[in-house]
Structure formats: C-alpha cells, structure tokens
Amino acid sequence: MQIAFTKMHGLGNDFILVDGINQKVQINSAQIRHLADRHFGIGFDQMLLVEPPDVPEADFNYRIFNVDGTEVEHCGNGARCFAAFVREKGLSNNNPVSVKTTNRLLSIQSSPDGSITVNMGLPEFKPEKIPFSAVSECLTYQCQLTIAGEQQTLKFSALSMGNPHAVIIVEDLANTAVTEIGEAFGSHPDFPEGVNVGFMQIETPRNIQLRVFERGTGETLACGTGACSAVVTGQMLGLLESEVSVRLAGGILTVSREDMESPVMMSGTATTVYEGTIEL
C-alpha cells in the first residue's frame with residue numbers, strides 16, 4: 001500500500017498529515033511505528049488522519065496516533081496543522097473549521113497573519129474524567145516516585161484538556177529531570193491511561209516556560225494541550241493572568257481564558273515542511 005502524506009510542524013512538534021478522504025488508508029500500529037522511525041521511516045511525534053465526519057456538526061473527523069502506534073484523544077499543535085492542511089489541500093474553505101476528536105468537538109480559526117487559534121474547550125478536573133485515581137478532587141496532589149534510585153515526593157495538579165495531564169511547578173526548568181520524572185509518572189498506577197507531564201517555570205503572571213513529556217512519545221519541542229493545562233493550572237492557583245505567553249523549546253504559544261467558565265483558547269503557527277509518498 002502506498003500512501004501520500006504531508007509533513008508539518010507546530011513549533012517543532014512534528015506530524016505527518018494523511019488524507020483519509022481521497023485515498024483509502026488502512027494502517028496498523030506496527031506500520032505507524034515504522035513510519036515514525038526517524039532513521040528508517042519518515043519520523044514524527046504524531047500521525048494525524050483526516051477522515052469524513054460522522055456527526056453533522058463537524059466538517060471532519062480527526063484521529064491522532066503516537067509513535068508507539070497508540071491512538072490518543074487530543075493534540076493542540078496538531079489541530080492547528082490539521083486546519084492548515086485541509087485549507088491547503090482544498091478539502092474545506094470553512095473558517096472556522098469544525099473537527100471531531102474521539103472525545104470533543106474543536107473549532108479552529110485561521111487568521112490572515114498566519115496564526116491559528118483553537119478553541120480547546122473546557123478543562124476537566126474530576127479525577128474519574130481525567131482519568132486519575134484520587135479520593136477527592138483537589139487543586140494539587142502529592143505522590144511518591146522513585147527517581148534515579150531515590151524516593152521523591154512531588155506536588156502536582158491533574159486535569160484533562162481532552163487528554164490527561166499532570167502539571168508540576170518547578171524553580172529551575174533547565175535542571176529538572178524531565179525524562180526521569182515523566183517516565184515515572186507515565187507508568188504510575190494512579191493514571192490508568194498514562195499521563196502527559198508538564199514542567200512549568202513561572203517568570204511573571206503573563207509569561208511561563210514549559211517542557212512536556214508526552215505519553216507514548218517522550219519530550220517534544222512543543223505541546224498544545226500541555227501549554228493549556230499549565231496555564232489553566234496557574235490560573236486556578238492564582239498565579240497567572242487571563243492571557244499567558246508560553247515559551248517552549250520550539251517557540252511561543254499564546255493561551256487565554258476569559259474566566260473560569262470560559263473555554264481555553266490557544267494560538268500559534270502551523271508550518272508545512274514537505275509532501276511525499278511512502279510504501280507500506
């Protein structure tokens with residue numbers, strides 16, 4: 001089977017976009033792992049599959065696959081690339097475009113300056129909705145992890161932005177053991193479906209630095225849902241204002257939320273790298 005694809009990135013968080021409307025795509029997890037290999041395949045953080053909608057209020061279905069072949073619920077940087085892709089390919093001229101993930105409906109608005117804004121919806125804090133095992137809902141939790149052979153007690157917040165996130169506030173992001181802590185959290189039994197782990201350093205109430213260890217992928221250059229989760233956490237704790245600039249390794253995202261009852265809005269760029277075909 002030969003498939004056509006487009007390689008794109010959102011602040012260095014890279015994807016392949018596959019048109020599942022104009023070509024027949026049947027792909028399994030082993031094939032996705034092969035495509036994701038940066039030496040023998042194409043290489044990407046996630047594969048995004050464009051499909052016809054299965055509900056009348058959506059323009060498209062939006063499926064997301066990690067490098068290990070697992071399907072996940074949401075990806076903010078991918079959503080911006082999705083919107084740019086369907087416009088570039090002439091699949092839709094709608095603006096905003098409405099896309100359905102496995103668990104929510106996204107509205108994505110493109111601007112003349114090239115920026116794309118995604119209505120990411122409302123965050124979810126109820127433990128059973130994340131999902132996360134906890135006696136009751138709290139703003140912060142504590143857990144013990146073994147990091148480099150030593151027991152550490154870490155304070156974190158847990159929420160879902162369509163996918164599960166744990167957010168840890170740190171003093172020195174550059175010297176934080178992102179991979180070790182991310183792997184330990186990812187395998188923790190309190191997160192039955194795994195978790196994306198964000199490490200946030202607050203510079204001012206309107207500026208943060210962020211690194212994210214994504215489940216099934218590892219640390220990426222940018223994570224849209226991670227940026228939203230970090231900002232929402234800071235706002236809930238009274239540490240951040242309504243609009244925040246999030247500096248990630250791949251660039252800057254703007255995340256805003258008018259009030260605690262409003263959806264989270266995320267703005268940034270989407271870039272096409274190249275197009276190609278590959279035999280599976």
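Between which two strands is the loop that holds Pro131 found? Pro131 is in the loop between strand S8 (116-119) and strand S9 (141-147), where helices (H or I, at least four residues) and strands (E, at least two) are DSSP runs numbered from the N terminus.

The views below come from a predicted model, in which local features need pLDDT of at least 70, side-chain atom pairs count only at pLDDT 80 or more, and totals for chains, interfaces and linings use all residues. Residues are numbered from 1 along each chain as its sequence is written, and side-chain values use heavy atoms, with hydrogens and water left out.

**View A. Cis peptide bonds that precede Pro131 and Pro96.** The peptide bond from Ile130 to Pro131 is cis, with omega near -5 degrees. The bond from Asn95 to Pro96 is also cis, with omega near 10 degrees, and Pro96 has its place in the loop between H2 and S6. Most residues other than glycine have a negative phi, and most peptide bonds are trans.

**View B. Leu11 in the loop between strand S1 (2-10) and strand S2 (13-19).** Leu11, a residue other than glycine, has a positive phi, near 60 degrees. At 10% relative accessibility Leu11 counts as buried; buried means under 20% relative accessible area, exposed over 50%, and partly exposed in between (1.4 Å probe, protein chains only).

**View C. The salt bridge of Asp14 with Lys7, and its network.** A salt bridge is a side-chain nitrogen of Lys or Arg within 4 Å of a carboxyl oxygen of Asp or Glu, and a search of the whole structure finds 12 of them. The side chains of Asp14 and Lys7 form one such pair at 3.4 Å, N to O, and both Asp14 and Lys7 are buried. A network of salt bridges links these two residues with Arg38 and Asp45.

**View D. The salt bridge between Arg63 and Glu71.** The two side chains meet at 2.9 Å, N to O. Arg63 is partly exposed, with a relative accessible area of 28%, and Glu71 is likewise partly exposed, with a relative accessible area of 35%.

**View E. The salt bridge between Glu275 and Lys89.** The side chains of Glu275 and Lys89 meet at 2.6 Å, N to O. Glu275 lies in strand S18 (residues 271-279) and Lys89 in the loop between helix H2 (76-88) and strand S6 (97-100), so the pair ties together parts that are 186 residues apart in sequence. Glu275 is exposed, with a relative accessible area of 52%, whereas Lys89, at 36% relative accessibility, counts as partly exposed.
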